[in-house]
Amino acid sequence: MDEKGRFEDPMKEENISHEILLESGTNELEVLELGIGKDQCLGVNVAKVREITAASSVTKIPHSHPYLEGIIQLRNEVLPVVHLGRALGIPTELKEGEGIFVITEFNQTKVIFHVEWVNQIHRISWGAIEKVTGMMEQTASSVVGVIKFEDKMILLVDYEKILTDINPDIGVSLKRAERVGNKAERNKKGILIAEDSPMLRMLISETLNTAGYTQLKIFDNGKELWDFLNDGYQEEQLFHHYHLVITDIEMPQMDGLHLTKRVKEHPDLKQLPVVIFSSLVSDALKHKGDIVGADAQVGKPQIDTLVETLDRLIL
């Protein structure tokens with residue numbers, strides 16, 4: 001690495017998909033620091049990163065979304081290349097063939113993000129990540145958290161939102177919920193939800209309402225939901241009103257794996273079914289939810305499968 005900790009030889013591929021091992025439920029994550037320009041530090045969960053390689057020329061697609069640079073073939077797969085600077089509105093002189101390609105996989109989709117540089121990997125607690133609130137939440141809708149260091153801040157980007165902006169059909173949508181219809185008995189079941197993305201909070205609420213699940217209480221992160229369960233815990237009242245928990249995995253303050261672990265280790269709360277609904281649910285990572293005792297795991301954006309899972313667990 002150079003004096004700034006960046007890769008000296010960007011031509012060398014860095015496959016990091018198996019190098020970082022975290023115990024499940026520790027409320028920690030590994031963040032790969034990358035950036036646009038000299039000082040704009042951004043972060044991506046290492047669990048989403050499959051490979052890092054030098055940027056190369058792409059094949060243009062006529063009339064494509066402005067965030068999309070084009071497509072490339074990598075290991076017999078044709079993958080889209082997204083210019084991260086354009087997607088976030090960050091000024092940059094990054095040109096085609098320069099910089100770094102970060103190959104990611106989430107939401108059951110592979111996509112490449114084109115950035116200027118990649119730095120080190122940080123292991124941090126979700127509790128140290130500050131959630132985006134107030135005016136910043138409105139002006140930086142593609143940022144879901146901030147990591148503060150003495151000399152810099154790293155912005156955790158909502159990569160799922162960027163993909164949904166490019167192609168709304170791959171996100172959570174009402175069309176998916178309409179496939180499972182509406183059942184009156186769903187209205188009798190109360191559901192607690194932890195989801196940090198404002199966009200997804202709205203979409204999940206709308207789609208579950210469409211399916212008939214209207215008794216929802218939604219929290220910005222796992223800690224807020226846990227505090228609700230733990231601080232206001234009254235067994236008879238709680239189980240009369242609420243019958244299941246839905247949680248994302250990636251959330252500031254407390255992630256969904258740690259939340260699930262706490263619920264399942266509680267002598268009384270453990271009877272509450274917990275469903276993990278996350279872009280990180282995959283064959284490679286599903287064991288993490290199993291370890292902490294999740295009753296079910298559904299990958300975003302399969303909201304229709306989520307509704308069917310709720311029916312199976314509480315109807």
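## Cores, cavities and selected residues of a predicted model

The largest nonpolar core comprises 29 residues, and those with the most contacts inside it are Leu32, Leu34, Leu84 and Phe113. The structure described here is a predicted model. Leu34 illustrates how this core is built: leaving out residues up to four places away in sequence, Leu34 touches Gln40, Cys41, Leu42, Val44, Leu84, Val102, Val115, Trp117, Val118 and Tyr159. A second, separate core contains 21 residues, including Ile193, Ile204, Ala211 and Ala296.

### Overall organisation

The chain contains 10 helices and 16 strands. Of its 315 residues, 53% are buried. Among contacts in the chain with a separation of 6 or more, 67% are between residues 24 or more positions apart.

### Internal cavities

How many cavities of 30 Å³ or more does the model contain? The count is 3. The largest cavity has a volume of about 190 Å³. It is lined by 19 residues, of which Lys48, Val144, Val157, Glu160 and Glu250 are the closest to its centre. Strand S2 (40-45), strand S11 (153-157) and helix H3 (159-166) are the elements that give two or more residues to this lining. The largest share, 3 residues, comes from S2. By residue class, the lining of the largest cavity divides into 8 nonpolar, 3 polar and 8 charged residues.

Helix H3 is itself mostly covered, with 6 of its 8 residues buried. These buried residues are Tyr159, Glu160, Lys161, Ile162, Leu163 and Thr164. Two of these names recur above: Tyr159 is among the residues touched by Leu34, and Glu160 is one of the residues closest to the centre of the largest cavity.

### Three polar or charged residues

Gln297 lies in strand S16 (residues 296-299). Is Gln297 buried or exposed? Gln297 is buried, because its relative accessible area is 12%, under the cut-off of 20%. Apart from neighbours within four places in sequence, Gln297 is in contact with Ile276, Val281, Lys286, Gly289 and Asp290. Two of these residues also take part in polar interactions: a polar atom of the Gln297 side chain lies 2.9 Å from the backbone oxygen of Lys286, and a polar contact of 3.1 Å joins the side chains of Gln297 and Asp290. Gln297 and Ser282, 15 residues apart in sequence, have a C-alpha to C-alpha distance of 9.1 Å.

His266 is placed in the loop between helix H8 (256-265) and strand S15 (274-278). Its relative accessible area is 16%, so His266 is also classed as buried. A polar atom of the His266 side chain lies 3.1 Å from the backbone nitrogen of Leu269.

Glu28 is found in strand S1 (residues 28-36). Glu28 is partly exposed, because its relative accessible area of 30% falls between the limits of 20% and 50%. Its side chain makes a polar contact of 3.0 Å with the side chain of Arg123. Glu28 and Asp255 are 227 residues apart along the chain, while their C-alpha atoms are separated by 8.0 Å.

The polar distances described for these residues are collected below.

| Side chain | Partner | Distance |
|---|---|---|
| Gln297 | Lys286, backbone oxygen | 2.9 Å |
| Gln297 | Asp290, side chain | 3.1 Å |
| His266 | Leu269, backbone nitrogen | 3.1 Å |
| Glu28 | Arg123, side chain | 3.0 Å |

Technical notes. Residues numbered from 1 in each chain as written. Predicted model: local features only at pLDDT ≥ 70, side-chain atom pairs only at ≥ 80, totals over all residues. Heavy atoms only, no water. Helix = DSSP H or I, 4+ residues; strand = E, 2+ residues; numbered from the N terminus. Buried < 20%, exposed > 50% of the residue type's maximum accessible area, 1.4 Å probe, protein only. Polar contact = N/O pair within 3.5 Å; in protein donor to acceptor, adjacent residues only side chain to side chain. 1 Å grid on protein atoms, 1.4 Å probe; cavity = no way out; pocket = protein on both sides within 12 Å on 5 of 7 lines; lining within 4 Å. Points joined across faces, edges and corners; volume = space filled by probe spheres on them. Nonpolar A, V, L, I, M, F, W, Y, C, P; charged D, E, K, R; others polar. Core = buried A, V, L, I, M, F, W, Y, C linked by side-chain atoms within 4.5 Å. Contact = heavy atoms within 4.5 Å.
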